[in-house]
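Me: Could you take a close look at one part of this protein for me? I would like a connected picture of a single helix and what surrounds it, and then a word on a strand elsewhere in the chain.

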Amino acid sequence: MSAEKLVVIGQGYVGLPLAMRAVEAGMDVVGLDVDTDRVKRLATGESFVEDIPADRLGRALGSGRYRPSADYADAEGFDVCVITVPTPLRDGTPDLSYVEQAGTGIGPYVRPGCAVVLESTTYPGTTEELLRPLLESASGLRSPGDFHLGYSPERIDPGNPTWRLENTPKVVSGVDGASLERVDEFYRRIVTRTVPVTSTRVAELTKLIENTYRQVNIALINELTMLSHHLDIDVWQAIDAAETKPFGFMPFRPGPGVGGHCLPIDPCYLSWQVKRRLGRQFRFIELANDINHEMPEHVAQRIMAGLNRTGRAVSGARLLLLGLAYKKNTGDMRDSPAVDVARRLCDLGAEVRAVEPYAEPHHIPGGVLVVPLTEQEVDAADAVIVVTDHDVFDYDMVERRARYVFDTRNRCSGPAVERL
Ligand SMILES: NC(=O)c1ccc[n+]([C@@H]2O[C@H](COP(=O)([O-])OP(=O)(O)OC[C@H]3O[C@@H](n4cnc5c(N)ncnc54)[C@H](O)[C@@H]3O)[C@@H](O)[C@H]2O)c1
């Protein structure tokens, strides 16, 4: 019997790890991506996703069972297709054009008995109301009935060494019992545990609950942090102490704002749907967005005040930012609050230098000079600002040598350190 043929549409942070895992599980995998440059780089063994080292990609290519491609015709004869394309916001509104393009592209290759699964994060109803009609009209087939259709949210956490795709439970769903069974069977080959739910809407909402929960709780702690500063209370210590309660409390830590492809965006998919379907505001989400958006400005103001205390104006000051990615130990700069902080400081007239070992150079904001973390850079800086606390940074050296440190992540201590 020939190996199962999987097509993964989108070879980014979600699609590439899935493709690799499927190859390792013995499937024949086509990694489709419209970004021809990305496809070429993948074909030569170059990985741009930190969690997929080049040797793992090389092994997949070497097995002959992984083929990156920009041509939907290579999907011909597929058994399972998983869609992992972006779902951004455009002017605050869900932009499902990538999902539509993927559905239109794969539709002609849908055949009886195959399965299509959407993994992109989206509002409840997308799989059945948007994707299904596209697939049905392009294929002339029906689901349920002719082909299987489902939704399975992705929980990938880039840079997390413990929880990876294969050992994180995966929620699975289908438009009917047969679809659910087929989708579940597929993912049981990929992950150690699946969590079947009874409808695609439940699965779509599951992902949005997870991300909204984080977004709202981070906002709660961020607001508390801004208020605690004015009350002169150490919020970090209070959170550490609260964390000792063995039940009913989960800690969230303050930070310079939220970033990436998920927290600033996914909850808006839910509030948009609630507004559209019910004509009501999802107040928690909107409030949390407001508070999280305030954080970069709060950070810039605190740095300005801190410099002032050392007798230095922010205009003309030399500032060294540690980390520009939105998340530690990754180079992901999408919607990074660190970039927002950097821009604000540049606008205030500071000379901004940044240490960012992971990001690709073309993502660095204009006006920011990327430098290595050296004693000379720290000595020459009027302030060192810990924005994204990559583990590779030498925090001891920073504590020893910096004149003033503004630490948004609670990584440094000592007389020169002020925490968010
Ligand atoms: N990055 C994460 O940590 C994460 C976690 C969970 C869920 N998600 C969700 O997964 C989805 C994908 O996110 P990502 O981070 O992998 O995005 P990404 O930008 O890293 O990758 C998406 C890829 O899809 C390609 N693409 C766009 N349109 C296409 C099309 N029509 N056909 C083929 N390829 C196409 C792009 O060129 C890109 O390479 C989003 O909905 C996101 O919200 C992301």
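Reply: Happy to. Gly 15, Leu 16, Pro 17, Leu 18, Ala 19, Met 20, Ala 22 and Val 23 are the buried residues of helix H1. Please keep in mind that this is a predicted model. H1 spans residues 15-24, and with 8 of its 10 residues buried, the helix is mostly covered. What does the covering? Among the elements that cover the buried residues of H1 are four strands: E1 (5-9), E2 (28-32), E3 (66-69) and E4 (80-83). Helices H2 (36-43) and H3 (54-62) also take part in this cover. After H1 comes Gly 26, and its phi is positive, near 95 degrees.

Now for the strand elsewhere in the chain. Strand E11, residues 318-322, is mostly covered as well, with 4 of its 5 residues buried. E11 pairs with two strands, and I will take them in turn. With strand E12 (residues 351-355), E11 pairs in the parallel sense over 5 bridges. One of the positions to look at here is Arg 318, whose bridge partner in E12 is Glu 351. Helix H11 (residues 337-347) joins E11 and E12 in a β-α-β unit, and this unit is right-handed. With strand E14 (residues 383-386), E11 again pairs in the parallel sense, here over 4 bridges. In that pairing, Ala 383 of E14 stands opposite Leu 319.

How values were computed: Residues are numbered from 1 along each chain as its sequence is written. This is a predicted model: local features need pLDDT of at least 70, side-chain atom pairs count only at pLDDT 80 or more; totals for chains, interfaces and linings use all residues. Side-chain values use heavy atoms; hydrogens and water are left out. Buried means under 20% relative accessible area, exposed over 50%, partly exposed in between (1.4 Å probe, protein chains only). Two strands pair if DSSP finds at least two bridges between them. A crossover is right-handed if, with the strands pointing away from the viewer, the path from the first strand over the helix to the second runs clockwise. Contact means heavy atoms within 4.5 Å.
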